Amino acid sequence: MTATQQPMAQRFVGESVKRSEDKRILTGTGNYVDDVQLPGMLHAAFLRSPFAHAHITSIDVSAARQVEGVVAVHDGASMQGLLAETAQPPGIFGPAPVKFTLLASDKVRLVGDPVAVVVATSRYIAEDALQLIDVEYDELPPIATVEHALDESRPAIFEDLGSNVVTGPRTNTHGDVDGAFARADRIVTANIKVHRHQNVPMECRGVVADFDTDSQTLTIHGSNQGVGIAKMVLTGQLGMPPDTIRVLCGDIGGSFGLKIGTGREEIATAALSKAIGRPVKWIEDRNEHLAFSGQAREETLDVEAAVTNEGDILGLKVSMIVDTGAYPGMGAMLGGMVENMMPGPYSLEGLEFTFRAVTTNKATYVAYRGPWASETFCRERIVDMVAKELGMEPLEVRRRNIAFQGDNPGKMVTGRTLKSATARESLEKIAELVDLPSFRKRQAEARQQGKHLGIGMATYIEAAPGPRADGGGGLGNEAMRMRLDDDGIVRVFTAQMPHGQSHETTLAQIAAEEFGVPMEMVKVVVGDSDQVPFGFTGGSRSATMAGGAALVNARALREKVLEETANQLEAAVEDLEIVDGKVGVRGVPAKAKALAEIATTATAAGTALEVSQAFDGGQGGWSGGTHCAIVEVDVETGLVDIERYIVVEDCGKLINPAVVDGQVRGGVAQGIGAVLLEKSAYDPDSGQFLAGTFMDYLLPTTTEVPRIETHHLETVPLDPDVNFRGVGEGGMVVSPATLCNAIEDALSPFAVKIEEQHLPPLRILELIGALDD
Amino acid sequence: MNVELTVNGEARSAHDVEPRKTLADFLREDLGLTGTHLGCEHGVCGACTVIVDGDAVRSCLMLAVQANRAEIRTIEGLGTPDDMNPLQESMRDSHAFQCGFCTPGFMMQITALLEENPSPTEDEVRETLSGNICRCTGYESIINGVLKAVGA
């Protein structure tokens with residue numbers, strides 16, 4: 001044992017340590033954005049467009065201004081005057097720059113587009129006043145579907161773009177596509193459709209902006225996945241120096257990708273506080289949230305698979321279109337992510353990938369738990385279609401096609417090494433757990449009795465963060481600061497902004513174990529742009545990146561504290577140990593000095609016991625796994641019952657198994673919702689939004705989500721120290737394909753080919769011919 | 001209108017309460033009890049569930065003035081961070097929740113359930129909680145926490 005290793009007594013990593021967060025959230029003492037109440041605080045409410053696509057011909061806010069309790073009313077034109085002259089349209093980082101104002105001024109581009117805002121002494125009064133704003137619209141032909149977007153006779157949503165196609169078509173090829181298709185015995189085709197659904201955290205978006213006129217500083221209480229990003233956006237929009245804006249986030253009631261950015265209403269609220277000189281709160285209501293906060297997916301993928309009669313999938317040609325909604329951002333760049341991951345763990349010889357993104361009069365595409373997930377849905381559905389066409393078990397087709405693993409692992413045809421991918425191990429574990437032959441027997445017997453059982457499985461890998469390429473290749477850096485304070489507490493300043501992921505617990509587990517103190521002596525500091533490094537939580541990166549940063553910083557801080565103590569005690573570093581929050585000479589516990597005392601003495605001498613090391617991801621590695629569902633489809637009602645759902649996943653070394661299980665189950669539940677219930681529906685003619693309440697947008701409840709049987713592989717340590725990998729998104733990435741594969745298998749007597757992801761009861765009845773399409 | 005009621009065993013009153021003000025907004029804004037959360041404001045998600053005269057009620061669908069003379073219990077009345085009640089301890093042991101936003105509603109719905117039925121089966125727990133939406137957990141950890149609390 002070297003001097004810097006900790007005795008085995010204090011191990012926290014790998015244990016289902018109870019969450020630090022829970023004492024707050026179980027007692028109603030959390031601090032969510034709507035809990036912030038400030039003296040003199042005003043409330044904002046937004047007037048929104050009832051039309052999908054229309055010119056605003058006039059807007060009259062004068063009556064709203066007369067309402068008692070109303071402090072300010074702005075339309076799109078006057079709101080623009082509250083922003084920096086240099087402010088660019090927010091949120092655009094994909095297509096060519098387009099012009100629009102923060103609140104819609106010349107035209108509205110979707111149902112829910114904000115056109116005016118009222119600030120009043122209560123939200124009730126603000127909403128009263130909204131009703132007195134008179135807006136005249138001149139409706140334009142809506143772009144309600146991809147077909148509309150491609151129809152050049154329809155108007156462009158952004159005139160300066162001149163078209164509703166915002167990206168592509170752009171085609172890339174990888175490997176030997178022509179050769180793969182030339183050698184194929186047959187071509188299997190499908191038109192895969194992933195419907196529009198959305199994140200729906202239980203806490204909607206919101207902000208409290210507090211501008212102090214004396215100091216000319218702005219304090220933001222937000223609900224964002226990264227305080228630094230919010231600060232950066234507001235700095236640009238308001239034209240304020242960075243050191244005059246502080247962004248704070250307390251507890252955040254979920255996000256799933258939605259709250260990475262800073263919304264137009266959040267910017268408006270900040271600008272209003274600055275203009276009025278009082279705190280202003282805006283809390284999104286659920287209808288606003290469903291209609292406008294952001295939506296995801298709505299992708300179609302035309303696929304041709306080059307296949308041999310033995311079941312080898314040689315190549316794929318995929319043509320993808322994503323409906324990015326109005327104000328397109330991330331969706332316009334989605335193609336690259338889907339393309340790179342399309343081969344998954346399989347050894348394709350060639351891939352041709354074509355991508356197009358269009359803008360429509362719907363909510364903006366936002367990141368939602370595995371934004372690239374359509375690659376898995378598409379590929380894993382195709383695998384089952386190939387199996388069916390060849391009369392093979394889907395398990396066998398997967399076995400045949402998974403790339404070689406071992407000392408010299410294969411590469412994805414799109415370039416990335418498959419080192420550390422354990423798709424085959426997860427697949428074999430599923431095969432061991434389900435006993436396919438006996439299921440097939442039970443399935444046949446059940447069919448005799450009119451019961452339709454089906455089994456489906458699907459395999460995926462996820463770059464969370466992915467393996468470091470041979471010879472280098474960056475995984476990005478994660479910054480962190482760590483300090484031993486005078487109170488004897490080790491404070492971890494992380495760029496992560498947890499919103500359910502339990503970072504206050506998991507990062508403390510790692511830091512406490514490495515530094516050598518009880519969990520209670522580590523505090524994880526989040527959500528303050530004055531204190532934490534720039535960054536955000538997303539992309540399932542925190543386990544490796546922030547976990548690794550906690551490890552290397554705790555190690556460095558330990559070294560520093562031991563050196564300082566050696567000076568203070570006039571002892572050799574090698575003789576020191578940290579026990580129960582005290583540092584002392586090994587074997588001489590009476591001489592041990594409390595960490596608080598060491599820190600206080602160091603501070604008095606001008607020595608800060610602080611370190612700040614970025615972590616580069618180490619060797620990284622793949623996350624991934626295989627899921628399997630056994631379902632029963634009631635062909636009378638179209639209802640799907642999930643009899644058994646099994647997860648075999650590999651996210652490397654588990655930091656906190658209960659947290660990992662929670663992430664896995666939560667992701668699977670969202671996949672169940674996506675397939676069986678949820679749809680952000682729009683009228684295909686008018687573009688009217690049809691899912692504005694929880695009676696229209698149906699979320700899974702306790703009666704739809706079964707127990708999830710979870711198995712962890714924890715294999716292939718690539719890095720000497722950091723083998724934690726991300727696990728947040730995988731459950732949602734692979735569960736839709738797993739369920740659809742199971743449902744198609746259950747419906748095989750009806751010769752149903754399932755190409756879409758959304759299979760509510762009515763659709764199932766249509767597919768089996770019990771109802772007209 | 002004046003509202004007089006008992007909240008978590010304490011007599012509270014307020015004057016000039018607007019008749020249209022919801023009980024949820026009244027609890028959060030007028031009484032400062034922000035533990036009760038609003039997830040949908042149309043009675044579906046259950047985040048705002050409180051106990052009114054012994055029954056679990058959605059405080060977004062009830063007006064404050066309707067709660068006049070009622071006895072109300074909210075999440076703040078269950079236990080404190082340093083002295084959680086046995087249900088809260090069980091939920092913590094089971095890693096029941098993640099982001100915590102739906103938590104107050106679940107906790108009050110479960111509290112009402114256990115007062116009516118101290119030893120529910122898993123099916124009964126699932127049925128009772130089917131009106132509360134959690135977007136993070138997939139529910140299994142919540143069910144486990146309830147079953148642990150009742151010693152099942």
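Which residues of strand S12 (residues 280–283) of chain A are buried on one side, and which on the other? Select the strand and look at both faces: A:Val280 and A:Trp282 are buried on one side, A:Lys281 and A:Ile283 on the other. Buried here means 20 or more other C-beta atoms within 10 Å of the residue's own, against 12 or fewer for exposed and partly exposed in between, with C-beta atoms placed from the backbone. In a regular strand the side chains alternate between the two faces of the sheet.

Before moving on, some housekeeping. This is a predicted model, in which local features need pLDDT of at least 70 and side-chain atom pairs count only at pLDDT 80 or more, while totals for chains, interfaces and linings use all residues. Residues are numbered from 1 along each chain as its sequence is written, and chains are lettered from A and ligands numbered from 1 in the order in which they are written. Helices (H or I, at least four residues) and strands (E, at least two) are DSSP runs, numbered from the N terminus.

**Stop 1: the partners of S12**

Keep S12(A) selected and add strand S1 (42–48) of chain A. S1(A) and S12(A) pair in the parallel sense over 2 bridges; two strands pair if DSSP finds at least two bridges between them. To find your place, look for A:Leu42, which stands opposite A:Val280 in S12(A). Now add strand S9 (residues 206–212) of chain A, which pairs with S12(A) in the antiparallel sense over 4 bridges. Here A:Val207 has A:Trp282 as its bridge partner.

**Stop 2: helix H9**

Next, select helix H9 (residues 286–293) of chain A: 7 of its 8 residues are buried, so the helix is largely enclosed by the rest of the structure. The buried set is A:Arg286, A:Glu288, A:His289, A:Leu290, A:Ala291, A:Phe292 and A:Ser293. S1(A) turns up again, as it is included in what covers these residues. Just after H9(A), click on A:Gly294 and check its phi, which is positive at about 145°.

**Stop 3: a five-strand sheet**

Now bring up the open sheet of 5 strands in chain A, with the order S7-S15-S14-S13-S8 and mixed pairing. Strand S7 (165–175) and strand S8 (186–197) stand at the edges with a single partner strand each, so one side of each has no neighbour in the sheet. From one strand to the next, the twist averages 10°. Angles run from 0 to 180 degrees between N-to-C directions, and axes are lines fitted to C-alpha atoms, for helices over the stretch in contact.

Zoom in on S7(A) and strand S15 (residues 350–358) of chain A, which pair in the antiparallel sense over 8 bridges. A:Gly175 stands opposite A:Gly350 in S15(A). While you are in S7, look at A:Pro169: the peptide bond from A:Gly168 to A:Pro169 is cis, with omega near 5°.

Then add helix H11 (residues 374–390) of chain A, which lies across S8, strand S13 (296–307) and strand S14 (313–323). H11 runs at about 140° to S8(A).

**Stop 4: two crossing helices**

Select helix H7 (residues 227–238) and helix H8 (residues 264–276) of chain A, whose axes come within 10 Å and cross at roughly 55°. H7(A) and H8(A) are therefore oblique to each other; angles under 35 degrees count as roughly parallel, over 145 as roughly antiparallel, 65 to 115 as roughly perpendicular and the rest as oblique.

For the contact itself (C-beta atoms, placed from the backbone, within 7 Å), show A:Val233, A:Leu234, A:Gln237 and A:Leu238 of H7(A) with A:Ile267, A:Ala270, A:Ala271 and A:Lys274 of H8(A).

**Stop 5: backbone oddities**

Another cis peptide bond to inspect joins A:Ala464 and A:Pro465, with omega about 10°. A:Pro465 is in strand S16 (residues 452–467) of chain A.

Go on to A:Ser420, in the loop between helix H12 (394–401) and helix H13 (423–434) of chain A. A:Ser420 has a positive phi of about 85° although it is not a glycine, and it counts as buried, with 26 C-beta neighbours inside 10 Å. A:Ser502 has a positive phi too, of about 70°, and is buried with 25 other C-beta atoms within 10 Å.

**Last stop: chain B**

Finally, show both chains: 45 residues of chain A are in contact with 44 residues of chain B. On the chain A side, helix H1 (22–25) and helix H18 (657–676) are the elements that give two or more residues. H18(A) provides the largest share, 7 residues.

Notes. Two residues are in contact if their C-beta atoms, placed from the backbone, lie within 7 Å.
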